[in-house]
Amino acid sequence: MKRITIKVGSNVLTRSDGTLDITRMSALTDQIAELHRRNIEIILVSSGAVASGRSEVHPDMELDSVAARQIFSAVGQAKLMNRYYDLFRSHGIACGQVLTTKSSLELPQHYENQKGCIESLLSCGIIPIVNENDTISITELMFTDNDELSGWMAEMMSCDMLIILSNIDGVYDGDPSSTSSRLIREVLPGYDDMSGYIKDEKSSYGRGGMHTKCGVACKVAEGGMPVVIANGKRDDVILRVVDCDESLPCTRFLPALR
């Protein structure tokens, strides 16, 4: 049976005002449901909690950055999971929330417990929805972003593929907004220096950017797993990646032979 980790970024799941894009979430869950019907196991690493919470609550007092993140993530995670629950239930599929921290995954016993939990969910036909527990994570010990977390999940669960969905088509050889820039379709094994191509800027609602995505993709591909960075706002993008649709604009990181 094939097993895939799919990471969905905040800028894919949210509108410009930070509210959840329900139409997009519905389209993504429809595609995941189709893969589920094909007996492909899916681990969904989903951002969007903090952005969703920020649009939901407006404290009338000054908050430091840690307290604000804790409040937004606590409220937003509940909102996000409720939506996923309803969307997957419409397909007759159960989903389960898995919150984690980098510090816990670095402890062998916690690592094995987390792995066992996800294995159990998958064996019962339940889709694990994984996110960092921002309510208790400390800045110095946090994942760089959910791109890094998705790499951990894909490797920990011995997946056959990692798909990272962003709000652009992939890695470009220049500024993605420039007409002179070209999409890099393939990255060969062992080629991990993308610094000459990538702008050092982060997304509107997420913590990371293309630097992190490429770093994670190169590391995972070097371990023998194919990785694809694609635009989560394109129609049927997940199915097209899995079905190897050559007309889909994306960046594929070819796996090293093991």
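User: Let's start with a charged pair: which residue forms a salt bridge with D245?

Analyst: This is a predicted model, so take the geometry in that spirit. D245 counts as partly exposed at 26% relative accessibility. Its partner is partly exposed too, with a relative accessible area of 22%. The closest N and O atoms of the pair are 2.9 Å apart, and the residue that meets D245 is R240.

User: Which residues are joined into one network by salt bridges that share partners?

Analyst: One link to look at is the E34 and R38 pair, whose side chains meet at 3.2 Å, N to O. E34 is partly exposed at 25% relative accessible area, and R38 is partly exposed at 35%. Following the shared partners, the network is made up of E34, R37, R38 and D243.

User: And how many salt bridges does a search of the whole structure find?

Analyst: Side chains of opposite charge can pair when their charged atoms come close. Here, D245 with R240 is one such pair, and E34 with R38 is another. Searching the whole structure gives a total of 14.

User: K7 and D147 also meet in a salt bridge. How many residues apart are they?

Analyst: Their side chains come to 2.9 Å, N to O. The cut-off for buried is under 20% relative accessible area, so K7 at 4% counts as buried, and D147 at 1% does as well. K7 sits in strand β1 and D147 in helix α7 (residues 146-156), which puts distant parts of the chain in touch across a separation of 140 residues.

User: Moving to the sheet, in what order do the eight strands run?

Analyst: Strands of a sheet pair through backbone hydrogen bonds, either parallel or antiparallel. In this model the pairing is mixed and the sheet is open. For example, β1 (residues 3-8) and β2 (residues 41-46) pair in the parallel sense over six bridges, while β7 and β8 pair in the antiparallel sense over four. The full order is β3-β4-β2-β1-β5-β7-β8-β6.

User: Which strands stand at the edges?

Analyst: Read the ends of the order β3-β4-β2-β1-β5-β7-β8-β6. A strand there has a single partner strand, so one of its sides is left without a neighbour in the sheet. The two edge strands are β3 (95-100) and β6 (186-187).

User: What is the bridge partner of V187 in β8?

Analyst: β6 and β8 pair in the parallel sense over two bridges. On the antiparallel pairing of β7 with β8, V228 has R252 as its bridge partner. For V187, the partner in β8 is F253.

User: Are the residues on the two faces of β8 buried or exposed?

Analyst: C250 and R252 lie on one side of β8, with T251 and F253 on the other. Both faces are covered, and the status of all four residues is buried.

User: At about what angle to β7 does helix α8 run?

Analyst: Helix α8 covers residues 210-222 and lies across β1, β5 (161-166), β7 (227-231) and β8 (250-253). Relative to β7, the angle is about 150 degrees.

User: Last one: which helix gives the most to the lining of the largest cavity?

Analyst: The search finds one cavity of 30 Å³ or more, and about 30 Å³ of space lies in the largest cavity. Its lining consists of V8, L13, M25, L28, T29, I32, L44 and Y84. With four residues, the top contributor is helix α2 (residues 22-37).

Terms used
Residues are numbered from 1 along each chain as its sequence is written. This is a predicted model: local features need pLDDT of at least 70, side-chain atom pairs count only at pLDDT 80 or more; totals for chains, interfaces and linings use all residues. Side-chain values use heavy atoms; hydrogens and water are left out. Two strands pair if DSSP finds at least two bridges between them. Contact means heavy atoms within 4.5 Å. Axes are lines fitted to C-alpha atoms, for helices over the stretch in contact, and angles run from 0 to 180 degrees between N-to-C directions. A salt bridge is a side-chain nitrogen of Lys or Arg within 4 Å of a carboxyl oxygen of Asp or Glu. Buried means under 20% relative accessible area, exposed over 50%, partly exposed in between (1.4 Å probe, protein chains only). On a 1 Å grid over the protein atoms alone, a cavity is a set of points where a 1.4 Å probe fits but cannot get out, and a pocket is an open set with protein on both sides within 12 Å along at least five of seven lines; lining residues have an atom within 4 Å of a point. Grid points are joined across faces, edges and corners, and a volume is the space filled by probe spheres set on the points.
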